[in-house]
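Student: I have a structure to go through, and I want the reasoning behind each label. Can we take the terms one by one?

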Amino acid sequence: MTQEEDIAAEAAAETSGPTHSGFVALIGPTNAGKSTLVNRLVGAKVSIVSHKVQTTRAIVRGIAIHDNAQIVFMDTPGIFKPRRRLDRAMVTSAWGGAKDADLIMLLIDSERGLRGDAEAILEGLKEVKQPKILVLNKIDRVNREDLLALAASANEKIAFERTFMISAENGSGCDDVMAYLASTLPEGPWYYPEDQISDLPMRQLAAEITREKLFLRLHQELPYSSHVETEKWEERKDGSVRIEQVIYVERDSQKKIALGKGGDTIKAISTASRKELSEILEQPVHLFLFVKVRENWGDDPERFREMGLDFPK
């Protein structure tokens, strides 16, 4: 048993009664609200959120405690019809996460319903043996009759254990989901220390935070094919941390967009990212961003490994 497992076991032993633990894979179409829901259920930001589709690229694990249960949420990339190598790697990662979990939570955007990718996901779930629950999100935007019809339609296609109706945005219905998961996951020791909320290395989380700010700032202007890497991380004697990151784009025209006129855009992205990183790390952050052109980085196996994805053939 590793030192981390020892700490987790000791934390679990301090609770009264038997402990439960397990992995719950959140799958669904792009922009269904998976990252927002994971952050809501964990109670802290562990996954980045933006309106840009396919923001989540690799599985992010968020760890929550409810009663005597440790629930490890696996925020998977949105499932869609892949067109490029990166798309294929993300979709493969999502289905792989589902098959490795103890329970699968299918998240559907109630406004969009079962159109498009959601229908294909339901078909794919028929081949997955794990127990499944259905979660209808954004219920505050849809009338009750339509929600009931959507739930009935989905349950006709898949034998879901339970159906929940929630709003990841305001938290409505989320306590019911947590209570169900805590009572359903198998009995066993916790996997992580009680105070750990994610298994994402801090260098990678920092890169994800900057990528989020990049997408939020340049939602329409910057193509999906951009990538952020943390290249240097230096803990300084004064208690601050110096972080150097590189934003990779594929063309000079994209570099100009990321920099902005007189560097205004990159400065705004840096300021927003530095502020959030300082709050997360609880220490001053000196963040330095650089933009580099790397043509066809989406075909570079090293970039896939950096993102936590397998490089598809």
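Tutor: What follows is a set of questions about the labels used for this predicted model.

Student: Start wide. How many helices and strands are there in the protein?

Tutor: The protein has 10 helices and 9 strands. Of its 313 residues, 53% are buried. Take contacts between residues at least 6 apart in sequence: 72% of them join residues at least 24 apart.

Student: Now the sheet. What is the order of the strands in the open sheet of 3 strands?

Tutor: The order is β7-β8-β9, and the pairing is mixed.

Student: What makes β7 and β9 edge strands?

Tutor: Each pairs on one side only. β7 covers 227–235 and β9 covers 285–293.

Student: How do you know that the pairing is mixed?

Tutor: Look at the two pairs. β7 and β8 (residues 241–249) run antiparallel, joined by 8 bridges. β8 and β9 run parallel, joined by 9 bridges. Two strands count as paired once there are at least two bridges between them. With 8 bridges, β7 and β8 pass that mark. With 9, so do β8 and β9.

Student: Which residues stand opposite each other in these pairs?

Tutor: Between β7 and β8, V228 stands opposite I247. E229 has V246 in β8 as its bridge partner. On the β9 side, R242 is bridged to H286.

Student: What links β7 to β8?

Tutor: The two strands form a hairpin, with 5 residues between them. G239 sits in the turn and has a positive phi of about 90 degrees.

Student: How far are neighbouring strands of this sheet turned against each other?

Tutor: By 20 degrees on average, direction ignored.

Student: Why is β8 called largely enclosed?

Tutor: Count its buried residues. 8 of the 9 residues of β8 are buried, so the rest of the structure largely encloses this strand.

Student: Take I243 in strand β8. Why is I243 called buried?

Tutor: The cut-off for buried is under 20% relative accessible area. I243 has 0%, so I243 is buried.

Student: Which residues are in contact with I243, leaving aside its neighbours within four places in sequence?

Tutor: They are T230, K232, W233, L277, V285, H286, L287 and F288. F288 is 45 residues from I243 in sequence, yet their C-alpha atoms are 6.2 Å apart.

Student: On to the helices. Which of them lie across the sheet?

Tutor: α7 lies across β7, β8 and β9, and runs at about 130 degrees to β7. α8 (residues 252–259) lies across β8 and β9, and runs at about 155 degrees to β9.

Student: Why are α7 and α9 called oblique to each other?

Tutor: Set the angle against the classes. The axes of α7 (residues 202–217) and α9 (residues 264–281) cross at roughly 140 degrees. Roughly perpendicular ends at 115, and roughly antiparallel needs over 145. The value falls between those limits, so the pair is oblique. The axes come within 9 Å, and the crossing is right-handed.

Student: Which residues meet where α7 packs on α9?

Tutor: On the α7 side they include M202, L205, I209 and R217. On the α9 side they include T265, A268, I269 and L281. By class, the contact holds 11 nonpolar, 3 polar and 4 charged residues.

Student: What makes α8 oblique to α9?

Tutor: Their angle is about 60 degrees, with the axes 5 Å apart. Roughly parallel means under 35, and roughly perpendicular starts at 65. The angle lies between the two, so α8 is oblique to α9.

Student: Which residues form the contact of α8 with α9?

Tutor: I257, A258 and L259 in α8 meet D264, T265, I266 and I269 in α9. That contact has 5 nonpolar, 1 polar and 1 charged residues.

Student: T265 lies in helix α9. Is T265 buried or exposed?

Tutor: Buried. Its relative accessible area is 10%. The limit is under 20%, so T265 qualifies.

Student: What does T265 touch, not counting residues up to four places away in sequence?

Tutor: T265 touches R217, L218, I257, A258, L259 and G260. L218 and T265 are 47 residues apart in sequence, and 8.8 Å apart from C-alpha to C-alpha.

Technical notes:
Residues are numbered from 1 along each chain as its sequence is written. This is a predicted model: local features need pLDDT of at least 70, side-chain atom pairs count only at pLDDT 80 or more; totals for chains, interfaces and linings use all residues. Side-chain values use heavy atoms; hydrogens and water are left out. Axes are lines fitted to C-alpha atoms, for helices over the stretch in contact, and angles run from 0 to 180 degrees between N-to-C directions. Helices (H or I, at least four residues) and strands (E, at least two) are DSSP runs, numbered from the N terminus. A crossing is left-handed if the near helix is turned anticlockwise from the far one by less than a right angle, and right-handed if clockwise. Contact means heavy atoms within 4.5 Å. Ala, Val, Leu, Ile, Met, Phe, Trp, Tyr, Cys and Pro count as nonpolar, Asp, Glu, Lys and Arg as charged, and the others, Gly among them, as polar. Buried means under 20% relative accessible area, exposed over 50%, partly exposed in between (1.4 Å probe, protein chains only).
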